[in-house]
Amino acid sequence: VLGGPLGEGVAQVKDSVSVDSLAYAAPTLASDAFRGPVQATELESTPAIGSFAASTSLSFGNAVAGQPSSLLLSLAPQMEIAAGEAFQLSLPGFTRDPTVTGPLNVTVASYFPPADGSGSTAWELRESTPLGASWDDASSTVTVVLSHTVFANYSLSVSVDAASALTLPPLGIAPSSCGLGPDVQPGFRRRSDGTLEGCGSCAGCSGANEHAFTLATNATAGPVLAEPGTVLRTVQRVGVITNASLELSLLSPDFPVDITLNFTFNRPLTPGVSFVLDLPLFLGAPNASATLSSSLFFSEVQWDRSAGQLTLIASAHVDAMTPITVTIPSSLGIQLPSEGLMSGSSVLRLSTDSGLGAVLPVTIGAAPAVGAFTGDVTRLAYTPAEFETDGSPLGEGRIASIAIGFSLNRRIAIGEYVALYLIGFSRAAGDLASLAVTDHNVTNLDLNFTTVDTNGVFSAFVTASWSEASSTLFLFAR
């Protein structure tokens, strides 16, 4: 009896071994014993060993960490899997919405011989519903029981609908930094075409390891054990952007602004990787670019006004989870939307194409709110309040009635104000503290102040104050 662990001189073949050895030359046994050599003799029986060694891949319809998504598994088994037999997909870190129960919504697409029995080599791709498709939360596995035979060496795809409510790991899916298998050295992984590529160190990475996703089957023609299972060659990597915030140097829609972006990425930053900041309705030059010589992380920024996107090109190697800050200078000419920015707006989004874990556009939760005076033309008028004995108005240096008209495109809360900067104006008595008015229908605050809007309805601005130092009139909302 010859034995020993795999990897110590005894290895299984890469592809499957059928139970009757039809797929390969039958294993033989021979001896060169001096007293009685034995020619190569076929073994009477060999165990069936299945294989998914050909290209296997897993991708997601909504590749967002912590969110439900559809799944697409592609494979080509090297052995036949009969109707009633099953395969099992391990999805570490995945969960299912506990409010959704019952079978998964699964469709299997595989190739069949021509239905007309013509013997044509053009096999037909057909879809079918499996006999069963279930989720086990304890082991994070999907089990699919086939309703028809899957033929050896023909491609097969399995689609799990988003309605099945399988949710991606909250920290995404991370690259593996280690080799896998006896022929893959540390720091490398195998591509779908069988060649090797470097994985990098992925320092600080978090999330489910891409090499932990495995496939198994109970096929009689060639089983693949669940432990350790066959590692999927390609799993779509998913990163996570957190702590994203935006700062503006000027809260005004009328001038170019410095834009400071802050965020954390749970994958390493590598040169050439791009991050896209969605800034819809922002104004400025149609297209512009600049070199970010002062940035520690990015070398170049590109602005596309028609797309409303700002693209940042990384220039440094930075460990995962490093807080990143970059400022786009006002010299690029980007201006705020003419109507400002709503508080909690979902239109400001950040994404990346990083090969270590792409991130679809995520909302920047912390961004300043910016209002605008819109609608009716903002207007200011002065009416003399002092006159000569002949009735002619007195001008400079004399008391005047001031009328201000405006339309604000934001709700204003109690205690907030609109400021009217009257450069060069003064008040003889100096500063005037806010006046508390109990009846908002009173038309005079200081015998000279009326708060009436354009429709003749008394406005919500019922207190006012004057700052002599800044020549500013503050109108406070009640």
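Helices (H or I, at least four residues) and strands (E, at least two) are DSSP runs, numbered from the N terminus. This is a predicted model, in which local features need pLDDT of at least 70 and side-chain atom pairs count only at pLDDT 80 or more, while totals for chains, interfaces and linings use all residues. Residues are numbered from 1 along each chain as its sequence is written, and side-chain values use heavy atoms, with hydrogens and water left out.

**Exercise 1. Find the cis peptide bond and the residues with a positive phi, and place them in the chain.**

Solution. Begin with the general expectation: most residues other than glycine have a negative phi, and most peptide bonds are trans. Next, look at the bond between Glu227 and Pro228, which is a cis peptide bond with omega about 10°; Pro228 belongs to the loop between β17 and β18. Then turn to Ser140, which is not a glycine and yet has a positive phi, near 55°. Ser140 sits in the loop between β9 and β10, and it counts as buried because its relative accessibility is 11%, where buried means under 20% relative accessible area, exposed means over 50%, and partly exposed lies in between (1.4 Å probe, protein chains only). Finally, Ser471 is also a residue other than glycine with a positive phi, of about 50°. The loop that holds Ser471 runs between β32 (461–467) and β33 (472–477), and Ser471 is buried as well, at 11% relative accessibility.

**Exercise 2. Describe the open sheet of five strands, and work out what surrounds β5.**

Solution. Recall that strands of a sheet pair through backbone hydrogen bonds, either parallel or antiparallel; here two strands are said to pair if DSSP finds at least two bridges between them. The order of the five strands is β9-β10-β5-β17-β18, and the pairing is antiparallel. At the edges stand β9 (132–136) and β18 (230–231), each of which has a single partner strand, so one side of each is left without a neighbour in the sheet.

Now take strand β5 (residues 86–90), which is joined to strand β17 (residues 214–217) by three bridges. In this pairing Phe87 has Thr217 of β17 as its bridge partner, and Gln88 stands opposite Ala216 in β17. Strand β5 also pairs with strand β10 (residues 141–145), in the antiparallel sense and over five bridges, and here the bridge partner of Leu89 is Val142 in β10. As a last step, consider burial: four of the five residues of β5 are buried, so β5 is largely enclosed by the rest of the structure.

**Exercise 3. Give the order of the open sheet of six strands, and follow its last-named strand to Thr234.**

Solution. The six strands follow the order β8-β7-β11-β4-β3-β19, and their pairing is mixed. The edge strands, each pairing on one side only, are β8 (124–128) and β19. At the β8 edge, strand β7 (residues 106–112) runs antiparallel to β8 and is joined to it by five bridges; Phe112, for instance, has Glu124 in β8 as its bridge partner. At the other named edge, Thr234 lies in strand β19 (residues 234–235) and is partly exposed, with a relative accessible area of 31%. Although Thr234 and Leu58 are 176 residues apart in sequence, their C-alpha atoms are 6.3 Å apart in space.

**Exercise 4. Locate the salt bridges, and say which of their residues are buried.**

Solution. A salt bridge is a side-chain nitrogen of Lys or Arg within 4 Å of a carboxyl oxygen of Asp or Glu, and a search of the whole structure finds two of them. One joins Arg237 to Glu210, with the closest N and O atoms 3.0 Å apart. This pair links distant parts of the chain, since Arg237 is in the loop between β19 and β20 (241–248), Glu210 is in the loop between β16 (208–209) and β17, and the two are 27 residues apart. Arg237 and Glu210 are both buried.

The other joins Asp278 to Arg349, with the closest N and O atoms 3.4 Å apart. Asp278 lies in strand β22 (residues 274–278) and Arg349 in strand β27 (residues 349–352), so the pair ties together parts that are 71 residues apart in sequence. To finish, note that Asp278 counts as buried, at 9% relative accessibility, whereas Arg349 is partly exposed, with a relative accessible area of 33%.
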